[in-house]
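Reader: I would like to go through this model with short questions. Please give the reasoning before each value.

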Amino acid sequence: MAAPGCVKIGAVRKAKGGVIRSWLAVIGLAVAVAAVVGVAVWLRPAPGDKQPNLPLGDDKVTSTSPRVGWLYACENFADVAGAVAAAPWIKGSTWYPERKPAVLGGVLWDDAYIKITVADADRVIRTMGVPVGSKTGIFPIKRNDPAYQYDHVPYAIVAKRKTVSVPANPVVAAAPGCVRKGVIGFMTNGVAIYSAVDGLGRDAVAHSVLDVCDGQPDRTGTYHYYNGSRCILDTSIGFSVLIGYALDGFGIYVEREPLGNLLTNAALDECHGRTGPVLWDGAPRDMYHYVATAEFPYLVGCFRGSSGLAVVGY
């Protein structure tokens, strides 16, 4: 007698594939329902989001031509200071995210604000530059914070009004464009996105000491992320979730494999994106978009759109 929940091989053979076809029909129905609803259990954030180790991106910056998994930079980034001490969570060409300290604090900003509208050919982003619905660490980093020994970050976060205009209907350019220093886009929670390297031209997510949501302020007080922010990734459930806009107007999405893992660089092009179905301005659309990964350069490797260097009102 077969154990409960088991099927005898002989029984399946006798059914001449009927049992298998029935189960495939059930699975197909489940997938169809999940597609309609837009959220599936297996598309929830997976433990794989918290990678035990990752390749360091220090040697993956080029100003010659774009490459998959690299940052195509317009200029030399190495002109200001980075972290002040050697990072024990970095070993050779590998770094270990779970060994890296996060800046202490859980600050919620009362004046956080984000409003995104479309006016003619522009998508207008109005923000106070601090996160809506997420916390920040305490900056400057306090001396009694374990993170202080590695990176002082002597700047305070300053909430200040910003208005940015990007193309509402982005167009793929004939050739990819390079990425400049500083802001390259904005998250839908109002936080600026910076290019993936620190002031010394190194992998910023690996070297910089960040808060629990992967953010820090720069010398102007502008709070920013270099990646998709673990606070956003952990709450992005579904096949494709919009989390921001690059300066060329294309969306930045969190996309997952069937088991819930983030996509890897191998699934993306040299600008860290791909063309496929997304929800865009409330409607399904097949279009180019950037994709968040756990690997360098994290969000945008180069600009795929025809406009990506100008920022209006920032």
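Reader: What area does the protein expose, and what percentage of it do carbon and sulfur atoms supply?

Author: The model is a predicted one. Its exposed surface comes to about 15,100 Å². The share supplied by carbon and sulfur atoms is 59%.

Reader: What percentage of the residues count as buried?

Author: The cut-off for a buried residue is a relative accessible area under 20%. Applied to the 314 residues of the protein, that gives a buried share of 46%.

Reader: Among contacts between residues at least 6 apart in sequence, what percentage join residues at least 24 apart?

Author: The protein has four helices and 18 strands. For contacts between residues at least 6 apart, the share that joins residues at least 24 apart is 69%.

Reader: Which strand gives the largest share of the largest nonpolar core?

Author: This core has 66 residues. W95, I252, Y290, L299, V300 and F303 touch the most other members. The largest share from one element is four residues, and they come from strand β10 (residues 183–187).

Reader: How many residues apart in sequence are the parts that R123 and D281 tie together?

Author: R123 and D281 form a salt bridge, with the closest N and O atoms 2.9 Å apart. R123 lies in strand β7 (residues 122–127), while D281 lies in the loop between β16 (273–280) and β17 (283–291). The pair therefore ties together parts whose separation in sequence is 158 residues.

Reader: Is R123 buried or exposed?

Author: Buried means under 20% relative accessible area. R123 has a relative accessible area of 2%, so R123 is buried.

Reader: In the salt bridge of D214 and R230, which residue is partly exposed?

Author: The side chains of D214 and R230 meet at 2.8 Å, N to O. D214 is in the loop between α3 (204–207) and β12 (215–217), and R230 is in helix α4 (residues 230–233), 16 residues apart. D214 has a relative accessible area of 7% and is buried. At 37%, the partly exposed residue is R230.

Reader: How many salt bridges does the structure hold?

Author: Side chains of opposite charge can pair when their charged atoms come close. D198 and R202 meet in one such bridge at 2.9 Å, N to O, and both residues are buried. D269, E270 and R304 are linked in a network of salt bridges. The total for the structure is six.

Reader: Which are the edge strands of the open sheet β6-β7-β8?

Author: The three strands pair antiparallel in that order, with a twist that averages 20° from one strand to the next. Six bridges join β6 to β7, and K115 has R126 in β7 as its bridge partner. An edge strand pairs on one side only, which holds for β6 (114–119) and β8 (162–167).

Reader: Which residue takes a positive phi in the hairpin of β14 and β15?

Author: Strand β14 (residues 240–246) pairs with β10 over three antiparallel bridges, where F186 has Y245 as its partner. Five bridges join β14 to strand β15 (residues 251–255), also in the antiparallel sense, and S240 stands opposite E255. The hairpin has four residues between the strands. The residue with a positive phi near 100° is G249.

Definitions and conventions: Residues are numbered from 1 along each chain as its sequence is written. This is a predicted model: local features need pLDDT of at least 70, side-chain atom pairs count only at pLDDT 80 or more; totals for chains, interfaces and linings use all residues. Side-chain values use heavy atoms; hydrogens and water are left out. Helices (H or I, at least four residues) and strands (E, at least two) are DSSP runs, numbered from the N terminus. Buried means under 20% relative accessible area, exposed over 50%, partly exposed in between (1.4 Å probe, protein chains only). Contact means heavy atoms within 4.5 Å. Accessible areas come from the Shrake-Rupley method with a 1.4 Å probe; for residues, only the protein chains shown count as cover. A nonpolar core is a set of buried Ala, Val, Leu, Ile, Met, Phe, Trp, Tyr and Cys residues joined through side-chain atoms within 4.5 Å. A salt bridge is a side-chain nitrogen of Lys or Arg within 4 Å of a carboxyl oxygen of Asp or Glu. Two strands pair if DSSP finds at least two bridges between them. Axes are lines fitted to C-alpha atoms, for helices over the stretch in contact, and angles run from 0 to 180 degrees between N-to-C directions.
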